[in-house]
Amino acid sequence: MLPRFYCLLFVGLFIFFSSQAQTPRIDSLRIVLNSITDPVKSASISSDLSEGFFDTRLYPDSAYFYAEKAFKIAQNNGLIRQKARALANLGMVFSQLDKHEEALVNFQNAKTVFQELDDPLSLSVINSSIANVHYEMKQYEVAIGYFQKAIAMSIKEKDSIGMLIDYMNIGETEYKIGRFDASKTHLEYALNLMQKTNATFAAGHIYYGNTLLALGMVDSASFEGDIALELSEKEGNIKNISEASELLFKANVAQDDYKSAIGHYERFIVYKDSINAAKELNNIEKLKLNFDLSEKEKELAYVSQKTKYLNVIYILAGFGLVLLIFLISRQRKISRMTRDIHEIQTNLVRNKMIERDALLSKNSATSSFTMTKAQDAKIKE
């Protein structure tokens, strides 16, 4: 178990350092992005960052963040091509997260924009991406249809690499549904294109080897497995190393070469475990992204609810202001009426007092005259 542990450790470190190899470029792009105000450059660099994080296969949350940022910049500034690229990147992120429906929506939206731009090369890539999503959903017939559309676009543009890749994809898809002869034909065409273009894809030899093994051509399958393993190790692609080892293990068992089969099987298990470990790490990132998306939805719901409440508050405040103006106006009217009544009452009281004073004055004069007359009469006596 100890050698296997060290193998797993080595593969784990390989995954780690592969992801870290992107860090200097990503960091430099982040610095540049912070200093740019031009929307075209800002959208393009955001897409570069999204693709950089996507290539690490470990940071789908960051890939999503920058793809969405690029989309918003493009959308707000009417940047059609940058918008299509951002949509395609969002599709890739959702595809990596196994969110197939969301991936298809974004890819289809990107396809619509690329059709408006009349961009056959991009349409070939998008059709191939849509096909891959349907392949992952095990909708193999639909996937083949989109791969064929991608090939048609590549032929139109004389894009040999695009044709090569999608013939490989069709061959692998046909293998999945048991069309081994058709798979063999398409894969051989892809391998011929490899030779003409001097391109090397370990996956093509793996697909071809599996098809040959299914057709009972064991020695040829083993030969393809050896080529695939060598190329995979040069590429440093642990998935291809695992699949090439599995192909060689099956071929060795069919050849009764159990000694070689054991070695290939052990390598297959080690790399398969490493892939599963990487998937688990990726699942953590998926959970983080899902959490971020959930929090974002909650935040949007909160903002929406807050806006709703604010609108209600504004309406109530407006109504309250109208009511306050009405009450103030009414109070002023009442105050004016009270003042008028008070003046009337004051005038009435004043008039009453004047009348009383006059009456008192008259009564006082009469009394004095009477008293004087009485006093005179008394003196005369």
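Buried, in what follows, means under 20% relative accessible area. Keep that cut-off in mind, because several residues will be sorted by it. One caution before we start: this is a predicted model.

Let's begin with helix α9. It runs over residues 160-176. How many of its 17 residues are buried? The count is 12, so α9 is mostly covered under that 20% cut-off. Here is the list. Gly162, Met163 and Leu164 are buried. Then comes a run from Asp166 through Tyr167, Met168, Asn169, Ile170, Gly171, Glu172 and Thr173 to Glu174, buried as well.

What do the buried residues of α9 pack against? Four helices: α7 (120-136), α8 (140-156), α10 (180-197) and α11 (202-214).

Now the length of α9. At 1.5 Å a residue, 17 residues should span 24 Å. The end C-alpha atoms are 24 Å apart, which agrees. After the helix comes Gly178. Its phi is positive, near 80 degrees.

Gly178 is a glycine, but two other residues with positive phi are not. Asp98 is one of them, at about 60 degrees. Find it in the loop between α5 and α6 (100-117). Its relative accessibility is 45%, so Asp98 counts as partly exposed. Asn198 also has a positive phi of about 60 degrees, and is not a glycine either. Its place is the loop between α10 and α11. Is Asn198 buried or exposed? Exposed, because its relative accessibility is 69% and the cut-off for that class is over 50%.

Next, the rings. The model has 7 aromatic pairs. Take Tyr64 and Phe94 as one of them: the geometry is edge-to-face, with 5.7 Å centre to centre and 75 degrees between the planes. Where do the two rings sit? Tyr64 is in helix α4 (residues 60-77), and Phe94 is in helix α5 (residues 80-96). They are 30 residues apart, so to speak a link between distant parts of the chain. Both Tyr64 and Phe94 are buried.

Compare Phe249 and Tyr265. Their ring centres are 4.8 Å apart. The planes stand at 50 degrees, so this pair is tilted. Phe249 lies in helix α13 (residues 238-254), while Tyr265 lies in helix α14 (residues 258-380). The pair therefore ties together parts 16 residues apart in sequence. How covered are they? Phe249 counts as partly exposed, at 23% relative accessibility. Tyr265 is partly exposed too, with a relative accessible area of 36%. Phe268 joins these two, and the three form one aromatic cluster.

One more ring, this time with a charge. The charged end of Lys149 sits over the ring of Tyr146. The distance to the ring centre is 4.6 Å.

On to salt bridges. How many does the structure hold? There are 8. Arg81 and Asp119 make one of them, with the closest N and O atoms 2.8 Å apart. This pair links distant parts of the chain, 38 residues apart. Arg81 is in helix α5, and Asp119 is in the loop between α6 and α7. Their surroundings differ by class: Arg81 is partly exposed, with a relative accessible area of 40%, whereas Asp119 is buried, at 13%.

Other bridges stay within one helix. Lys234 bridges to Glu230, with 3.6 Å between the closest N and O atoms. Why are they about one helical turn apart? Because they are 4 residues apart in helix α12 (residues 218-235). As background, an α-helix has 3.6 residues a turn, so residues three or four places apart point the same way. Lys234 is exposed, with a relative accessible area of 64%. Glu230 is partly exposed, at 46%.

Helix α13 has a bridge with that spacing: Lys250 and Glu246, 4 residues apart, about one turn. The N to O distance is 3.7 Å. Lys250 counts as partly exposed, at 38% relative accessibility. Glu246 is partly exposed as well, with a relative accessible area of 26%. Elsewhere, salt bridges that share partners join Asp48, Glu51 and Arg85 into one network.

Note on methods. Residues are numbered from 1 along each chain as its sequence is written. This is a predicted model: local features need pLDDT of at least 70, side-chain atom pairs count only at pLDDT 80 or more; totals for chains, interfaces and linings use all residues. Side-chain values use heavy atoms; hydrogens and water are left out. Helices (H or I, at least four residues) and strands (E, at least two) are DSSP runs, numbered from the N terminus. The expected span of a helix is 1.5 Å times one less than its number of residues. Buried means under 20% relative accessible area, exposed over 50%, partly exposed in between (1.4 Å probe, protein chains only). Contact means heavy atoms within 4.5 Å. Rings of Phe, Tyr and Trp (its six-membered ring) pair if their centres lie within 6.5 Å; planes under 30 degrees apart count as stacked, over 60 as edge-to-face and the rest as tilted. A charge sits over a ring if NZ of Lys or CZ of Arg is within 6 Å of the ring centre and within 35 degrees of the ring normal. A salt bridge is a side-chain nitrogen of Lys or Arg within 4 Å of a carboxyl oxygen of Asp or Glu.
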